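Trainee: Please take me through this structure one feature at a time, with the criteria behind each value.

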Amino acid sequence: MLSYSSYTLTAVAALLVTCHALNKCPGISELPDIPGRDVLKGLPQVPGLPVSLDTECHNHLVNLEHRLFQLEAVFALNGKIKEVGKKVFATNGKKVDFASALRSCEEAGGTLATPMNEEENKAIMDIVKQYKQYAYLGIKHCETSGQFMDITGRSLSYTKWHQHEPNGKGKEKCVEMYMDGSWNDKKCNLYRLTICEF
Ligand code: MAN
Ligand code: CA
């Protein structure tokens with residue numbers, strides 16, 4: 001069976017080939033709204049483009065959107081993904097060190113799960129509980145600032161440290177999530193569940 005990301009790629013590829021390459025749907029969001037030429041709900045017609053092609057492209061987009069919606073629903077139903085807002089969290093079920101976990105996520109087009117709020121933290125915690133395995137988060141200790149920061153170097157606007165954590169005084173440079181969703185600074189060379197976000 002195709003993976004979730006394969007389905008997404010297939011859908012996006014189909015969209016690019018049928019719409020963009022054939023110039024059926026050029027930059028919908030950039031198009032000016034032309035009153036009275038709005039043949040389709042919410043979509044301004046492309047100036048100079050035959051209505052038939054506009055309609056064809058719009059219908060194609062609607063079908064693709066519907067298909068993606070269905071696939072997301074199936075994957076969510078099967079517990080394969082957790083969706084929070086625009087983010088999707090997923091695991092490959094593998095326990096590896098921090099660097100390998102990050103690499104796997106990046107190779108799949110995402111990054112390590114980095115909770116930005118309580119809801120995202122809970123979604124990651126649900127996976128941790130489901131697999132009964134602690135997971136590394138996309139957070140690392142920064143030498144220069146002495147602070148924990150996300151993988152992209154941004155300071156954290158949300159934290160969920162366990163009581164008395166972080167206590168590694170910069171010697172525990174990674175962060176693991178416990179089964180209750182709280183965080184512990186931890187050495188980076190242990191085997192933890194890989195959870196990615198996309
Ligand atoms: C171990 C490590 C530390 C953690 C303490 C908590 O020593 O996991 O990172 O802070 O336990 O007691
Ligand atoms: Ca610690």
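Trainee: How many cavities of 30 Å³ or more does the count come to?

Mentor: This is a predicted model, in which local features need pLDDT of at least 70 and side-chain atom pairs count only at pLDDT 80 or more, while totals for chains, interfaces and linings use all residues. Residues are numbered from 1 along each chain as its sequence is written, chains are lettered from A and ligands numbered from 1 in the order in which they are written, and side-chain values use heavy atoms, with hydrogens and water left out. A cavity is a set of points, on a 1 Å grid over the protein atoms alone, where a 1.4 Å probe fits but cannot get out. With a threshold of 30 Å³ or more, the number of cavities is two.

Trainee: Which elements give two or more residues to the lining of the second largest cavity?

Mentor: The second largest cavity holds about 40 Å³ of space, a volume being the space filled by probe spheres set on grid points joined across faces, edges and corners. Its lining (residues with an atom within 4 Å of a point) includes Lys80, Phe89, Thr91, Ile127 and Tyr131. Taking helices (H or I, at least four residues) and strands (E, at least two) as DSSP runs numbered from the N terminus, the elements that supply two or more of the lining residues are β2 (87-96) and α4 (118-131).

Trainee: Which residues lie closest to the centre of the second largest pocket?

Mentor: A pocket is an open set of grid points with protein on both sides within 12 Å along at least five of seven lines, and the second largest one has a volume of about 220 Å³. Of its 15 lining residues, those closest to the centre are Thr114, Met116, Asp150, Thr152 and Arg154.

Trainee: How much of the accessible area of ligand 1 does the protein cover?

Mentor: Around ligand 1 stand Glu165, Asn167, Glu172, Asn184, Asp185 and Lys186, each with a heavy atom within 4 Å of the ligand. Among the polar contacts (pairs of N or O atoms within 3.5 Å), an oxygen atom of ligand 1 is 2.9 Å from a side-chain N or O atom of Asn167, one is 3.1 Å from such an atom of Asn184, and one is 2.9 Å from a polar backbone atom of Asp185. Of the 300 Å² that ligand 1 has accessible on its own (Shrake-Rupley method, 1.4 Å probe), the share covered by the protein is 52%.

Trainee: Which residue does a cis peptide bond join to Glu165?

Mentor: Glu165 belongs to the surroundings of ligand 1, and its cis bond has an omega of about -5°. The partner, in the loop between β5 (148-150) and β6 (174-177), is Pro166.

Trainee: How many residues apart are Cys105 and Cys196?

Mentor: The whole structure has two disulfides (cysteine sulfur atoms within 2.5 Å), and one of them joins Cys105 to Cys196 with an S to S distance of 2.1 Å. The link of Cys105 and Cys196 is left-handed, with -85° about the S-S bond. Cys105 sits in helix α3 (residues 98-107) and Cys196 in strand β8 (residues 192-197), so that the pair links distant parts of the chain with a separation of 91 residues.

Trainee: What is the phi of Lys132?

Mentor: Lys132 is placed in the loop between α4 and β4 (135-141). Although Lys132 is not a glycine, its phi is positive, at about 50°.

How values were computed
Polar contact = N/O pair within 3.5 Å; in protein donor to acceptor, adjacent residues only side chain to side chain.
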